[in-house]
Amino acid sequence: MKISIDTTNRNSLEYQFQKGTTALAERNYEKAIVFLEQANKIAPQNCDVLFSLSEVYLKLGKENQQIDCLKQIVELDSSYTKAYDALISYYEEKNDTNSVLELMKTTQNTQVLSLFKDYVVEMPSINQQQ
């Protein structure tokens with residue numbers, strides 16, 4: 001009976017994700033990564049799992065893995081605001097304006113595009129007063 005429950009839990013996205021996010025909230029990053037990586041194996045295109053995994057990687061100082069997760073999210077869902085916001089913050093920290101501008105090209109979502117307002121220059125207008 002216990003073996004069956006353990007197998008069910010190991011293969012349950014909901015169980016793995018819930019345990020991972022709970023561990024993340026408790027700042028138990030080593031435990032969180034185990035559950036969230038298992039959840040990612042079960043559902044590798046789940047943006048919520050990927051985002052939580054990116055947060056754990058950030059806390060553990062695994063910058064490359066964090067950015068990889070965020071880029072995967074952007075590829076999967078061009079309206080996932082939290083991923084865009086995190087990537088913009090990362091690129092700003094690195095003073096990498098070109099990457100911010102390239103990232104902006106990956107979406108047409110107005111809510112996401114509003115995150116780029118500091119990088120958009122409006123066309124100048126001519127005021128002809130006499």
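Visitor: How many salt bridges does the count come to here?
Guide: Bear in mind that we're looking at a predicted model. What counts is a side-chain nitrogen of Lys or Arg within 4 Å of a carboxyl oxygen of Asp or Glu. By that rule, the number of salt bridges is two.

Visitor: Which residue does Glu63 meet in a salt bridge, and where does that residue lie?
Guide: The N to O distance for this pair is 3.6 Å, and the partner of Glu63 is Lys94. Glu63 lies in helix 5 (residues 63-76), so the bridge ties together parts that are 31 residues apart in sequence. The place of Lys94 is the loop between helix 6 (81-93) and helix 7 (97-104).

Visitor: Are Glu63 and Lys94 buried or exposed?
Guide: Buried would need under 20% relative accessible area, and exposed over 50%. Glu63 comes out at 32%, while Lys94 has 40%. Both values fall in between, so Glu63 and Lys94 are each partly exposed.

Visitor: What about Lys105: which residue does it form a salt bridge with?
Guide: Lys105 is itself exposed, at 59% relative accessibility. Its partner is partly exposed, at 48%. The closest N and O atoms are 3.0 Å apart, and that partner is Glu102.

Visitor: I see cysteines in there. How many disulfides does a search of the whole structure find?
Guide: A disulfide is a covalent bond between the sulfur atoms of two cysteines. To count here, the two sulfur atoms have to sit within 2.5 Å. Searching the whole structure gives a disulfide count of zero.

Visitor: Are Cys47 and Cys69 buried or exposed, then?
Guide: The cut-off for buried is under 20% relative accessible area. Cys47 has 12% and Cys69 has 5%. That makes Cys47 buried, and Cys69 is likewise buried.

Visitor: How are helix 5 and helix 6 oriented to each other?
Guide: Their axes are 9 Å apart, and the angle is about 135 degrees. The crossing of the two is left-handed. Among the residues that meet are Glu63, Ile67 and Leu70 from helix 5, and Tyr84, Leu87 and Tyr91 from helix 6. By their angle, helix 5 and helix 6 are therefore oblique.

Visitor: And how are helix 2 and helix 4 oriented to each other?
Guide: Helix 2 (residues 13-25) packs on helix 4 (residues 47-59) with axes 11 Å apart, at about 30 degrees. On the helix 2 side the contact uses Leu13, Phe17, Thr21 and Leu24, and on the helix 4 side Asp48, Val49, Ser52, Glu55 and Val56. This crossing is left-handed. Angles under 35 degrees get one label, so helix 2 and helix 4 are roughly parallel.

Visitor: Ser54 caught my eye. Which residues does it touch, leaving out those up to four places away in sequence?
Guide: Ser54 is in helix 4. At 2% relative accessibility, Ser54 counts as buried. Setting aside residues up to four places away in sequence, Ser54 touches Gln66, Cys69 and Leu70.

Visitor: Zooming out, how much of the protein counts as buried?
Guide: The secondary structure comes to eight helices and zero strands. Taking contacts between residues at least 6 apart in sequence, 43% join residues at least 24 apart. As for burial, the share of the 130 residues that counts as buried is 30%.

Conventions
Residues are numbered from 1 along each chain as its sequence is written. This is a predicted model: local features need pLDDT of at least 70, side-chain atom pairs count only at pLDDT 80 or more; totals for chains, interfaces and linings use all residues. Side-chain values use heavy atoms; hydrogens and water are left out. Helices (H or I, at least four residues) and strands (E, at least two) are DSSP runs, numbered from the N terminus. Buried means under 20% relative accessible area, exposed over 50%, partly exposed in between (1.4 Å probe, protein chains only). Axes are lines fitted to C-alpha atoms, for helices over the stretch in contact, and angles run from 0 to 180 degrees between N-to-C directions. Angles under 35 degrees count as roughly parallel, over 145 as roughly antiparallel, 65 to 115 as roughly perpendicular and the rest as oblique. A crossing is left-handed if the near helix is turned anticlockwise from the far one by less than a right angle, and right-handed if clockwise. Contact means heavy atoms within 4.5 Å.
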